[in-house]
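Got your viewer open and a selection box ready? Let's take a walk through this one, stop by stop.

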Amino acid sequence: MKRITVINGHPNKDSLNYGLVEAYIQGAKENGVEVREITVANMNFNANLQYGYQKRMELEPDLVMAIDNIKWANHLVWIHPVWWGGLPALLKGFIDRIFLPGIMYQYRENSMLWDKLLRGKTAHIITTLDQPGWYYRLMYGRPSVNQLKKSTLQFCGVSPVKVTYIGIVRNSTEEQRMKWVAKVKRLGKQLK
């Protein structure tokens, strides 16, 4: 049975992203899938990786719970906006704080190689944009997707990682937003 953890990376509770998260979870639950949710904006943690990788910061309880929820799942769903081509600062800080050696990956001693501690998991990135997804890919090289998909998730062993673009959000109508919400609900229902 699929166990899904949905990571909500938008800081605004009144955003379209919150509606997409709710729709995905509802679709997945209607399909009999077990779901947990991480809402990064509701967590209490220091988003700054203060010492880089020179010294380990103590993990706050909310981060420990998030790590447990990520490790519990066999499928991760990341829902977030693209701002200035990248991830929102709080979501980036969340990733910096928990995607650490010994937790999500482990470098091998005296080697350039590493062990991918999230091997066997799959993921889906659902991201909202103020431009068409094809334009974001062709014009800018989709930096937020490359960062999350390739440099984070696949680095730690998550594969495959699907991507769904939702946009153009700016100036969208209520009717269009409802279509996007219905689409994301269908994505949640499709998992087995």
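What follows is a short tour from the inside to the surface and then along a few backbone oddities. Keep in mind that this is a predicted model.

**Stop 1: the main core**

Select Leu-76, Trp-78, Phe-94, Phe-99, Met-104 and Leu-153. The largest nonpolar core has 34 residues, and these six touch the most other members. Now colour the elements that give two or more residues to this core: helices H2 (61–72), H3 (89–98) and H5 (143–154), plus strands E3 (75–81) and E6 (122–129). H2 gives the most, with 5 residues.

Stay with Leu-76 and show what surrounds it. If you skip neighbours within four places in sequence, Leu-76 is in contact with Thr-5, Ile-7, Ile-70, Thr-122, Ala-123, His-124, Leu-153 and Val-158. Leu-153 is the one you already have selected from the group of six.

**Stop 2: the other core**

Next, pick Ala-28, Ile-79, Val-169 and Val-184. They are among the members of a second, separate core of 19 residues.

**Stop 3: a nonpolar patch outside**

Switch on the surface and select Trp-134, Tyr-135, Leu-138, Met-139 and Tyr-140. Together they make a nonpolar surface patch of about 610 Å². Zoom in on Leu-138, which sits in helix H4 (residues 133–140). Is Leu-138 buried or exposed? Leu-138 counts as exposed because its relative accessibility is 70%, and the cut-off for that label is over 50%.

**Stop 4: two cis peptide bonds**

Time for the backbone. Most peptide bonds are trans. Go to the bond from Ser-159 to Pro-160: this one is cis, with omega near 0°. Pro-160 is in the loop between H5 and strand E7 (161–167).

Then move to the bond from Gly-167 to Ile-168, which is also cis, with omega near 20°. Ile-168 lies in the loop that links E7 and helix H6 (174–189).

**Stop 5: two asparagines with positive phi**

Most residues other than glycine have a negative phi. Where would you look for Asn-171? Stay in the loop between E7 and H6 and you'll find it there. Asn-171 has a positive phi of about 70°, and at 67% relative accessibility it counts as exposed.

For the last selection, jump to Asn-110, in the loop between strand E4 (105–107) and strand E5 (114–116). Phi of Asn-110 is near 55°, again a positive value in a residue other than glycine. Asn-110 is exposed too, with a relative accessible area of 79%.

Definitions and conventions
Residues numbered from 1 in each chain as written. Predicted model: local features only at pLDDT ≥ 70, side-chain atom pairs only at ≥ 80, totals over all residues. Heavy atoms only, no water. Patch = residues over 30% accessible without salt bridge, like charges linked within 9 Å, V, L, I, M, F, W, Y side chains within 5 Å. Areas by Shrake-Rupley, 256 points an atom, 1.4 Å probe, with all protein chains shown as cover. Salt bridge = Lys/Arg side-chain N within 4 Å of Asp/Glu carboxyl O. Helix = DSSP H or I, 4+ residues; strand = E, 2+ residues; numbered from the N terminus. Buried < 20%, exposed > 50% of the residue type's maximum accessible area, 1.4 Å probe, protein only. Core = buried A, V, L, I, M, F, W, Y, C linked by side-chain atoms within 4.5 Å. Contact = heavy atoms within 4.5 Å.
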